[in-house]
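User: I am new to this structure and would like to go through it with you. Could you bring it up, please?
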Amino acid sequence: MGLFDRLRGKDHPRVAFIGIDGVPFSLLSEHPEEFPNFAALADDGAAGSIDSIVPPESSACWPALTTGVNPGETGVYGFQDREVGSYDTYVPMGRDVQATRLWDRVTDAGRKATVMNVPVTFPPQRNIQRMVSGFLSPGVDKAAYPDDFRDHLEGMGYKIDVNAKLGHDDDKSAFMDDAHETLDKRYEAFSHYLQEDDWDLFFGVFMTTDRVNHFLFKDYERDGKNKDAFVEFYRKVDEYIGNIREMLPEDVTLVVASDHGFTSLDYEVHCNTWLEQEGWLSYESDDHDSLSDIDGDSKAYSLIPGRFFINLEGREPRGSVPQDEYEEVRDELKAELEALEGPDGKNVAERVVVKEEAFRGNHDDIAPDLVVIPNHGFDLKSGFKGHDDVFGTGPRNGMHSFDNATLYVDDPDAEIEDADLYDIAPTILDLMELDYARTELDGASLVHQ
């Protein structure tokens, strides 16, 4: 803090939240000499690793982080969700999030919010100060509101996301050039609107970190050929966080967080192939490519990431498992998943979570019956086109993890211990001195005043 070195004269404190999608806390905390601005933020405030949610997938995580409630309340369980009473699936967007977002609470209290590049927010809301949607948005022209905000972003060449297809190339140079350009434009836009200083909540997300992690994380973790490029990218992230911290007025608390952790990827696990080989899943024809192609003899199917559904009579259109056999069948599938081993002899599942343990709310009708939290190294895939083998490899060498997500709060009164993603929303509300009912949220504030 200190560039403006002044207060706005308002009678309430403000928060600037910067998301660093998919950044594991250990990456930053174990290298203070490489990332001095994160180290300073930890020294002056509070920092620690936190748990993500079940499942640790960005499309489910960001709605949970921005509302403080679990997918049973948000209604978003992953990148692809199932229609009620159908085998049809859809990609959840902003309007599918059924719980109250932080910025709506801010707006309802008569304050202003600027929201930039948060995943699962398309189309942009028109009831807040300004918003540009993030991940899955078709383009800035449709993703930004109001018009003058859109025009400014388009004029500066703002980029919503990196071109992830470039990461599939063996030579990562073009991908990393694009990642740097995307990061630079995001920082330029953030800086401009942070310094407008007309907001009470600024909520912006750097998602390029997740992209870089997917294609270079094993290089970092296991000294691969792209390690230097990976570290160079994160030095820039550290520099930008330091600059943002410096430009914030004294009445603003900076919060920096990731939505999940990251680890090296050794094997892709084709879950529906495994279900098919083990007799749990079958299809109406050999030419299958979607969930709607499964037949009435199937007992279970999977959606990413690691979500397993019993083909339940009365819930699924061609459900084969009677209601009175549900618990027995689910227990059997859970036991088989817990016993599944990879080619290296390690268990694929770190644990298997039943839905009652992870989800509470009004959207139980599309909740998975089981969620596998994989051990590090096993990335769970659930395509329906079919693979010859359960275990394989792909262009990515990094994967999400439930543990080791990141949280920094630039406030010495914060205490980050045994925390998870649900604690971020109540922490921000307390920092802004906004009232809320403790029972509304699944987390608890980490600020003790």
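Analyst: The questions below concern one sheet and two pockets. Please note that this is a predicted model.

User: Let us take the pockets. What volume does the largest pocket have?
Analyst: Its volume is about 900 Å³. The lining has 34 residues, and those closest to the centre are Glu 57, Phe 79, Ile 304, Lys 381 and Arg 396.

User: Which elements give two or more residues to that lining?
Analyst: They are α9 (208–221), β15 (370–374), β16 (378–381) and β18 (398–401). By class, the lining of the largest pocket divides into 17 nonpolar, seven polar and ten charged residues.

User: And where does the largest pocket lie with respect to the domains?
Analyst: It lies between domain 1 (14–263 + 400–432) and domain 2 (267–393), because both give residues to its lining.

User: What about the second largest pocket: which residues are closest to its centre?
Analyst: Those are Val 54, Glu 357, Ala 358, Phe 402 and Tyr 422, out of 15 lining residues. The second largest pocket has a volume of about 220 Å³. Both β14 and α13 (355–358) give two or more residues to its lining.

User: Changing topic, what is the strand order in the open sheet of four strands?
Analyst: The order is β12-β13-β15-β14, and the pairing is antiparallel.

User: Why is one side of β12 and of β14 left without a neighbour in the sheet?
Analyst: β12 (300–303) and β14 (349–354) stand at the edges, so each has a single partner strand.

User: How many bridges join β12 to β13?
Analyst: Four bridges join β12 to β13 (residues 307–310). As for Ser 302, its bridge partner in β13 is Phe 308.

Conventions. Residues are numbered from 1 along each chain as its sequence is written. This is a predicted model: local features need pLDDT of at least 70, side-chain atom pairs count only at pLDDT 80 or more; totals for chains, interfaces and linings use all residues. Side-chain values use heavy atoms; hydrogens and water are left out. Two strands pair if DSSP finds at least two bridges between them. On a 1 Å grid over the protein atoms alone, a cavity is a set of points where a 1.4 Å probe fits but cannot get out, and a pocket is an open set with protein on both sides within 12 Å along at least five of seven lines; lining residues have an atom within 4 Å of a point. Grid points are joined across faces, edges and corners, and a volume is the space filled by probe spheres set on the points. Ala, Val, Leu, Ile, Met, Phe, Trp, Tyr, Cys and Pro count as nonpolar, Asp, Glu, Lys and Arg as charged, and the others, Gly among them, as polar. Domain bounds come from an automatic or database domain assignment.
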